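Got your viewer open? Let's take a walk through this model, one selection at a time.

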Amino acid sequence: MEIYQLRTFLTVARMGHLTRAAEQLHLTQPAVSKQIKALEQELGVLLFERQPTGMVLTREGRELFPNAERTLFDAMELLNHARTMRGEVTGSVVIGTIIDPDTLRLGSFLGALLAYFPKVQARLRHGISGWVLEQLRSGEIDAGFYLGPVLEADVSSLPMRTLQYVVVGPPHWREQLARSGWNDIAALPWIGTPAHSSQHRLVRAMFAEHGLTMRSVVEADQEASMVSLVRTGVGLATMREDLARAAQARGELTIWHGTVQDCPLSFVFQSARRDDMLVAACRKALADVWPCDPPQPGEDASAAAAASGA
């Protein structure tokens with residue numbers, strides 16, 4: 001049984017006519033008839049009799065009318081109380097961010113958060129994925145964005161999308177990389193990332209799958225720095241495919257087409273704080289900005305030039 005079916009039942013009963021009830025409800029007459037029929041099937045009784053003058057309540061309909069009124073009133077009171085509560089959620093929520101704001105849809109997320117909960121103050125802290133988990137456990141942040149599988153039992157995650165990573169090298173290595181296999185790639189110098197970053201885990205798993213390890217000659221934690229190091233010939237690196245393709249189009253690097261690695265992007269928080277009002281507020285805003293449908297290919301291309309954390 002749906003609340004809107006009760007509203008339709010009460011409106012038809014008061015108006016005594018399907019057409020007038022449909023006009024008041026801003027519905028078509030067939031839609032009103034369908035809702036009444038569905039409610040009758042749910043209740044197992046006939047609610048109206050059709051007469052030349054309009055719709056007349058049956059005996060069962062007259063008996064159920066007060067119950068329907070009371071139920072609808074309680075439902076609307078619940079909804080209005082929830083709406084009031086949204087404005088009463090106050091406090092400061094600290095959110096850990098990673099990579100670039102466009103990929104996270106950060107502006108839209110914060111806009112939805114403040115639209116629903118205008119008394120909440122959002123504070124952002126930027127870092128890399130491993131740092132987000134550390135800050136979450138220590139209570140320094142309330143929630144955050146995270147790249148990679150979430151394996152911790154005490155951390156809950158809301159999936160957002162899957163990002164693809166590719167291997168990139170200096171532009172003048174294009175012909176060499178076109179001839180290279182996994183053993184050749186592993187033997188070349190690499191630009192590494194911090195041990196607790198998502199890219200470090202990704203590369204380690206990628207080479208372990210082939211029984212290999214990579215040789216790191218320098219470490220960087222921002223994709224902007226990595227582009228610069230790759231461009232000048234320091235070594236290979238992994239990079240988000242959208243950023244890599246944009247950089248390749250600018251002649252700054254070349255993509256090795258030997259692999260494409262998936263990496264999930266999610267919103268994380270302590271499982272024990274799932275029903276905390278501030279965390280629940282973030283979850284509500286995130287659901288508006290990141291629906292279940294996956295983003296279309298290339299929608300984040302505008303983020304290609306952003307300087308962001310790994």
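Before we start, one term: two strands count as paired if DSSP finds at least two bridges between them. Keep in mind, too, that what you have on screen is a predicted model.

**Stop 1: a sheet, starting from strand 3**

Select strand 4 and look for alanine 122, the bridge partner of valine 93. That bridge belongs to a set of seven joining strand 3 to strand 4, and these two strands run parallel. Now add strand 5. Strand 3 pairs with strand 5 in the parallel sense too, over two bridges. Here you can pick out isoleucine 95, whose bridge partner in strand 5 is alanine 143. While strand 3 is highlighted, check how covered it is: five of its seven residues are buried.

Time to bring up the whole sheet. In what order do its six strands lie? Going across, the order is 4-3-5-10-6-9, in an open sheet with mixed pairing. Strand 4 (120-126) and strand 9 (237-240) stand at the edges with a single partner strand each, so one side of each has no neighbour in the sheet. Tilt the view a little and you can look for the twist: on average, neighbouring strands are turned by 25 degrees against each other, ignoring direction.

Over at the strand 9 edge, select strand 6 as well. These two run antiparallel and are joined by four bridges. One pair to click on is valine 168 and its bridge partner in strand 9, alanine 237.

Next, add helix 13, which packs on the sheet and touches strand 3, strand 4, strand 5, strand 6 and strand 10. Its direction makes about 55 degrees with that of strand 3.

**Stop 2: the largest nonpolar core**

Nonpolar side chains tend to be buried together in soluble globular proteins. To see this model's largest nonpolar core, made of 42 residues, start with those that have the most contacts inside it: Ile95, Ile98, Phe109, Phe145, Leu147 and Phe267. Which elements give two or more residues to this core? They are strand 3 (91-97), helix 6 (106-116), helix 7 (129-138), strand 5 (143-147), strand 6 (155-169), strand 10 (254-270) and helix 13 (277-289). Helix 13 supplies the largest share, seven residues.

Zoom in on phenylalanine 109. Setting aside neighbours within four places in sequence, it is in contact with Ile95, Phe145, Phe267, Cys282, Ala285, Leu286 and Val289. Apart from this core there is another, of 19 residues, with Val12, Phe65, Ala68 and Leu72 among them.

**Stop 3: helix 7**

Select helix 7 next. Seven of its 10 residues are buried, so this helix is largely enclosed by the rest of the structure. Those seven are Ser129, Gly130, Trp131, Val132, Leu133, Gln135 and Leu136. What do they pack against? Show strand 3, strand 4, strand 5, strand 6, helix 10 (198-208) and strand 10 around them. Then step just past the helix to glycine 139, which takes a positive phi of about 85 degrees.

**Stop 4: two unusual backbone spots**

Most residues other than glycine have a negative phi. Isoleucine 99 is not a glycine, yet its phi is positive, about 40 degrees. You'll find isoleucine 99 in the loop between strand 3 and helix 5 (101-104). With 1% relative accessibility, under the 20% cut-off, isoleucine 99 counts as buried.

The other spot is arginine 105, in the loop between helix 5 and helix 6. Its phi is positive as well, near 55 degrees. At 22% relative accessibility, arginine 105 counts as partly exposed.

**Stop 5: helix 3**

Last, go to helix 3 (residues 29-43). At 1.5 Å a residue, its 15 residues should span 21 Å, and the end C-alpha atoms are indeed 21 Å apart. Colour Val32, Gln35, Ile36, Leu39 and Glu40, which are buried. Look down the helix axis: the buried residues fall within an arc of 135 degrees, so they line one face of helix 3. They pack against helix 1 (3-15), helix 2 (18-25) and strand 1 (48-51). Swing around to the face turned away from the buried side, and you meet the exposed residues Pro30, Lys34, Lys37, Gln41 and Glu42. Helix 3 is followed by glycine 44, with a positive phi near 80 degrees.

How values were computed:
Residues numbered from 1 in each chain as written. Predicted model: local features only at pLDDT ≥ 70, side-chain atom pairs only at ≥ 80, totals over all residues. Heavy atoms only, no water. Expected span 1.5 Å × (residues − 1). Buried < 20%, exposed > 50% of the residue type's maximum accessible area, 1.4 Å probe, protein only. Arc of directions from axis to C-beta. Contact = heavy atoms within 4.5 Å. Core = buried A, V, L, I, M, F, W, Y, C linked by side-chain atoms within 4.5 Å. Axes fitted to C-alpha atoms, helices over the stretch in contact; angles between N-to-C directions.
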